[in-house]
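Reader: I would like to go through this model with you before I return to the bench. Could you take my questions one at a time?

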Amino acid sequence: MAKLIQGETGEWEIVIGMEVHAQVITKSKLFSGSSSVFGAEPNTHVSLVDAAMPGMLPVLNEFVVEQAIKTGLGINSKINNTSIFARKNYFYPDLPQGYQISQFEDPIVGEGVIEVDLPDGTTKEIGITRMHLEQDAGKSVHDQHPTKSFVDLNRSGCALMEIVSEPDIRGPEEAVAYLSKLRMILRYLGTCDGNMEEGSMRADVNISVRKPGDELGTRAEIKNVNSLKAVQQCIDYEVPRQIEILEDGGEVVQETRLWDPAKNETRSMRSKEEAHDYRYFPDPDLLPLHVSNDQIESIRKTLPELPDQKKHRFMDEYGLSLYDASVIIAEQARADYYEKVSNDNDSKLAANWVINELLGILNKNETPLSKSPIQAEQLGGLIALITDNTISGKIAKDVFAEMYKTSKDAAAIVEEKGLKQVTDTGAIEAVIDEVIAENPDNVAKYKGGKDKLFGFFVGQVMKKSQGKANPAAVNELLKKKLS
Amino acid sequence: MSLDEKTVRKVARLANIEIADEDIERIGTELSGILAWVEQLSEVDTDNVEPLANVVNIELPLRKDEVTDGDCADKVLANAPEETQGFFVVPKIVEQES
């Protein structure tokens with residue numbers, strides 16, 4: 001549902017489009033054979049091509065093309081058989097060529113769509129305008145010297161995918177949901193690691209507001225948005241700013257603004273305005289890139305089951321709610337874990353245990369699933385014990401806590417501690433008789449019409465049996481004995 | 001016709017070239033000449049003609065994703081006017097934020 005903002009002059013609609021830069025997982029750079037690995041000594045992952053020495057020529061990395069096609073298919077997009085590399089011209093010290101090789105009029109990937117899961121349990125489709133390949137720039141360090149900047153070209157020439165969305169996003173929740181789903185897809189595909197902290201995925205957020213039904217308003221492009229939280233925050237800041245300008249009779253300036261996470265605000269980057277004349281033209285060093293339908297189809301065959309396919313399968317096959325399914329598919333390893341737990345067990349019960357108990361305690365201890373002390377098969381074993389009435393759900397939580405501490409199997413713990421549920425009628429009756437004998441006053445009151453005391457008797461019986469009596473049997477037998 | 005002063009200054013700025021005030025008119029005239037010369041191409045009728053990327057009929061060469069280059073910081077930095085600890089050193093670049 002579109003979120004409307006109440007202003008002084010009525011309701012406003014938020015319109016957002018996003019440009020996401022995702023670094024392609026490769027060994028080497030887009031157009032040179034130097035390493036694309038993060039974190040090396042300055043200027044050691046730089047060839048003479050990346051440093052733009054005169055006469056050097058770019059040669060395209062075939063694996064990057066495959067990764068781009070894979071990504072395009074993963075975001076349900078059209079793959080263009082012909083695409084063209086173009087030069088985007090601007091001057092900056094971390095761009096030694098004086099231009100970035102990018103794609104302009106003919107990108108490798110065209111229109112598509114992805115399904116995003118919203119916090120209210122609904123889904124929405126967000127259109128993809130295009131995706132193109134381009135070079136990353138180097139890195140400038142400004143805080144090491146009072147009058148100098150330091151430049152490291154290790155990132156220069158690394159392959160990036162720029163994924164551009166349609167202005168279909170209608171508020172901060174949808175923006176966060178879009179970016180998380182996109183990141184999830186890229187991770188499933190293995191085409192980008194999605195680490196926003198390390199900068200291997202970065203978002204520019206284009207924000208405007210309008211009265212519902214009006215034409216698109218003037219947008220501001222917010223840069224430096226480097227976490228899901230920052231996406232939310234920059235929208236929360238920018239929308240009221242624009243509404244206030246418009247309601248005061250002003251106009252929003254089309255400009256690039258910088259998100260400052262320290263001050264929690266966006267501010268104008270005027271210097272970028274003049275540079276916006278990029279004078280794109282086809283790169284004369286690179287012929288058009290042709291990919292055949294055969295190549296596209298053979299890459300399609302290598303695609304893994306993608307998040308949304310998995311989500312819908314879990315809903316259909318296991319009867320999970322959209323919410324549970326979307327939590328479980330958030331990471332591929334989590335989905336695999338769940339399927340192992342679920343195996344022969346009640347799928348919904350398995351989902352509850354994975355989401356509420358296991359992920360709950362792992363999050364609390366900041367432990368990744370890969371380091372979980374409880375293996376999927378072991379959690380499956382615990383659930384099997386609940387399902388076949390060996391232990392009650394309440395006892396199961398104690399067993400779970402013990403499993404988390406010791407990594408032992410559920411059955412071993414139940415055996416060791418004598419936690420098996422008592423379903424034997426005779427044994428339960430004996431306990432009930434004891435309780436009745438010990439509480440003659442309450443028995444009299446109950447029989448005198450104080451029905452509420454029934455709970456007291458159940459509690460006493462459970463306590464005496466150390467929680468092991470089957471609660472349904474206790475209820476039934478107590479009713480008989482007290483009548 | 002000569003390109004106006006504003007356009008000449010803009011082209012110079014985009015190309016990061018400094019030009020002296022007294023050269024602007026001369027450069028404007030030269031640029032206009034070049035533009036007029038290139039403009040002659042528009043006399044050719046190119047309707048229904050596919051753009052031609054090359055005249056030798058070859059495909060874009062591709063390379064394998066292997067690390068075959070780099071690890072030559074000394075060469076990369078050899079011509080740098082200033083360097084320190086493996087970095088290029090340049091005059092401070094500051095985003096002019098308002």
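Reader: How many Å separate the centres of domain 1 and domain 3 of chain A?
Author: In this predicted model, the centres of domain 1 of chain A and domain 3 of chain A, taken over C-alpha atoms, are 67 Å apart.

Reader: Where do the domains of chain A begin and end?
Author: Domain 1 covers 4-300, domain 2 covers 307-417 and domain 3 covers 425-482.

Reader: Moving to the contact with chain B, how many residues does each chain give?
Author: Chain A contributes 44 residues and chain B contributes 34 residues. On the side of chain A that touches chain B, β3 (60-61), α1 (62-74), β10 (148-152), β15 (265-268) and β17 (289-290) of chain A each provide at least two residues. The largest share, five residues, is that of β10(A).

Reader: And by class, what does that side of chain A consist of?
Author: It has 17 nonpolar, 18 polar and nine charged residues.

Reader: Which strand of chain B pairs with β3(A)?
Author: That is strand β1 (residues 62-63) of chain B, which pairs with β3(A) in the parallel sense over two bridges. Within β1(B), B:Arg63 is the bridge partner of A:Asn61.

Reader: How confident is the predictor in chain B?
Author: The average pLDDT of chain B is 89, and 94% of the residues score at least 70. Confidence in chain B is highest in β1(B), at 98, and lowest in helix α1 (residues 5-14) of chain B, at a mean of 91. The model has an ipTM of 0.89 and a pTM of 0.87.

Reader: Now the interior. Which residues of the largest nonpolar core touch the most other members?
Author: Of its 64 residues, they are A:Ile16, A:Met18, A:Ala175, A:Tyr178 and A:Val205. Helix α2 (residues 172-189) of chain A gives the most to this core, with 10 residues.

Reader: What is A:Val205 in contact with, leaving aside its neighbours within four places in sequence?
Author: Its contacts are A:Ile16, A:Met18, A:Ala175, A:Ile222, A:Val225, A:Val231, A:Cys234 and A:Ile235. Apart from this core lies another, of 31 residues, with A:Phe314, A:Leu382, A:Ala396 and A:Leu419 among them.

Reader: Let us turn to sheets. What is the order of the open sheet of three strands in chain A?
Author: The order is β6-β5-β16, with antiparallel pairing. β6 (99-103) and β16 (281-282) of chain A stand at the edges with a single partner strand each, so one side of each has no neighbour in the sheet.

Reader: How many bridges join β5 and β16 there?
Author: Strand β5 (residues 85-89) of chain A pairs with β16(A) over two bridges in the antiparallel sense. In β16(A), A:Phe281 is the bridge partner of A:Arg87.

Reader: One last topic, the backbone angles. What is phi of A:Asn76, and where is that residue?
Author: Phi of A:Asn76 is near 50 degrees, a positive value in a residue other than glycine. A:Asn76 is found in the loop between α1 and β4 (82-83) of chain A.

Reader: What about B:Asn16, and where does it lie?
Author: For B:Asn16, phi is near 60 degrees, again positive in a residue other than glycine. B:Asn16 belongs to the loop between α1 and α2 (24-39) of chain B.

Reader: Is B:Asn16 buried or exposed, and why?
Author: B:Asn16 has 9 other C-beta atoms within 10 Å, so it counts as exposed, the cut-off for exposed being 12 or fewer. A:Asn76 has 16 other C-beta atoms within 10 Å and is therefore partly exposed.

How values were computed:
Residues numbered from 1 in each chain as written. Chains lettered and ligands numbered in written order. Predicted model: local features only at pLDDT ≥ 70, side-chain atom pairs only at ≥ 80, totals over all residues. Domains from an automatic or database assignment. Contact = placed C-beta atoms within 7 Å. Helix = DSSP H or I, 4+ residues; strand = E, 2+ residues; numbered from the N terminus. Nonpolar A, V, L, I, M, F, W, Y, C, P; charged D, E, K, R; others polar. Pairing = 2+ DSSP bridges. Core = buried A, V, L, I, M, F, W, Y, C linked by C-beta atoms within 7 Å. Buried ≥ 20, exposed ≤ 12 C-beta atoms within 10 Å, placed from the backbone. pLDDT = per-residue confidence, 0-100.
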